[in-house]
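New to this one? Here is a quick tour of one strand and its neighbours, plus one residue worth a closer look.

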Amino acid sequence: MAMLGVQTKTAEWTLFSNLLDCLEQTGAGQPLHIEYGQQDDAQGFQNDILMPYWRTREDMEDFFGRNDVIRLLKTPLTGTVGLWAEQLAAPTTALDANNARPDVDYGIARYSEPKEEQYHAYMGSMRDRVPDFLAGTSDAEPLGLTRQAKRQTHGAVLEITDLPHNLCFIRGAFAWQEAGQEEQEAYLEKMWPVYRDGAEYLRDNPIESGCISMRMIEEKPLHQNTGIQSGILGWFLTLTELERWTRSHPRHLAIMKTIMAYMKEFAFKPKLHLGHEVVVVPQGQAKMVYNNCHEDTGFLPFFPSQVIG
């Protein structure tokens, strides 16, 4: 999987269209499918994010190794338009794809047979579901985040160096369009504000939380409707930081309390969809490139980088 974002102050579709054309080109490195979301970040930039999924790491590398893709990503941009790419690969034994409903059509779930999960709805259940999590091979020592000295990012193509072992990525997905009016109103008035508060805390407090980057996105139909309406794209320094957040932080405990009240209100049979993909990425299987992006984009504030374009 990868996330490729066009970062602008005002809508600019030429670069986005060129990026989409590269992804849709048949042949080497063509992804299985592409999804699209839009984020307004805390610095006032709009990020139009394409999310392609590949079957294998080799297929993804074929895409990023193509000359047209290299030229697009690594030719330095100027002005108010930036381009970034965050790519990751991991074994399925380090992936938790968990959804409230069996008929989801987004992400890796599009290619998975749904099954009823035995380990669910208790603290620590995710670790019990995922072989590498349970075995401890996805763990890493929490080293903490430290802000790097600010550097010139505009007009530069920067690749992050010294990425740590076992980074943890989460994609959360939410949909309420199939719920009745009463349930939709309950979600938007009671649950969504609590989710948003938690995501904004993680975005604004990376040092304390160990969350490198948290993007709240509005999902947009591209080639087909995935059924997802909003979501999050987040990077934690380790699985331990994610678990600490979910198990003990007051904001996440408030999310869990709100979910249980919501489930009870609708007799534990809501039409709302909640789901996530959590994956731990081994060292060498993640790559981050930022072209003319503002200095607080993604991994730029916390990790050294080198000029590549």
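What follows walks through a strand, its partners and then a single arginine. Keep in mind that this is a predicted model.

Let's start with strand β3, which covers residues 46-53. Eight of its eight residues are buried, and that goes for both faces. On one side sit Gln46, Asp48, Leu50 and Pro52, and on the other Asn47, Ile49, Met51 and Tyr53.

Strand β3 has pairing partners, and here are two of them:

| Strand | Residues | Sense of pairing with β3 | Bridges |
|---|---|---|---|
| β1 | residues 2-8 | antiparallel | five bridges |
| β2 | residues 33-40 | antiparallel | eight bridges |

To find your way around these pairings, look for Gly5, which stands opposite Ile49 in β3. For β2, pick out Gln39, which stands opposite Asn47 in β3. Strands β2 and β3 also form a hairpin with five residues between them, and there Gly44 takes a positive phi near 90°.

Now hop over to Arg215, in strand β8 (residues 211-220). Is Arg215 buried or exposed? Its relative accessibility is 4%, so Arg215 counts as buried; the cut-off for buried is under 20%.

Which side chain makes a polar contact with the side chain of Arg215? That would be Glu86, at 3.0 Å. Leaving out residues up to four places away in sequence, Arg215 touches Gln39, Ile49, Trp84, Glu86, Gly231, Ile232, Leu233, Thr297 and Gly298. Two of those names should ring a bell: Ile49 is one of the buried residues of β3, and Gln39 is the one opposite Asn47.

Key: Residues are numbered from 1 along each chain as its sequence is written. This is a predicted model: local features need pLDDT of at least 70, side-chain atom pairs count only at pLDDT 80 or more; totals for chains, interfaces and linings use all residues. Side-chain values use heavy atoms; hydrogens and water are left out. Helices (H or I, at least four residues) and strands (E, at least two) are DSSP runs, numbered from the N terminus. Buried means under 20% relative accessible area, exposed over 50%, partly exposed in between (1.4 Å probe, protein chains only). A polar contact is a pair of N or O atoms within 3.5 Å; within protein, one must be able to donate a hydrogen and the other to accept it, and residues adjacent in sequence count only if both atoms are side-chain atoms. Contact means heavy atoms within 4.5 Å. Two strands pair if DSSP finds at least two bridges between them.
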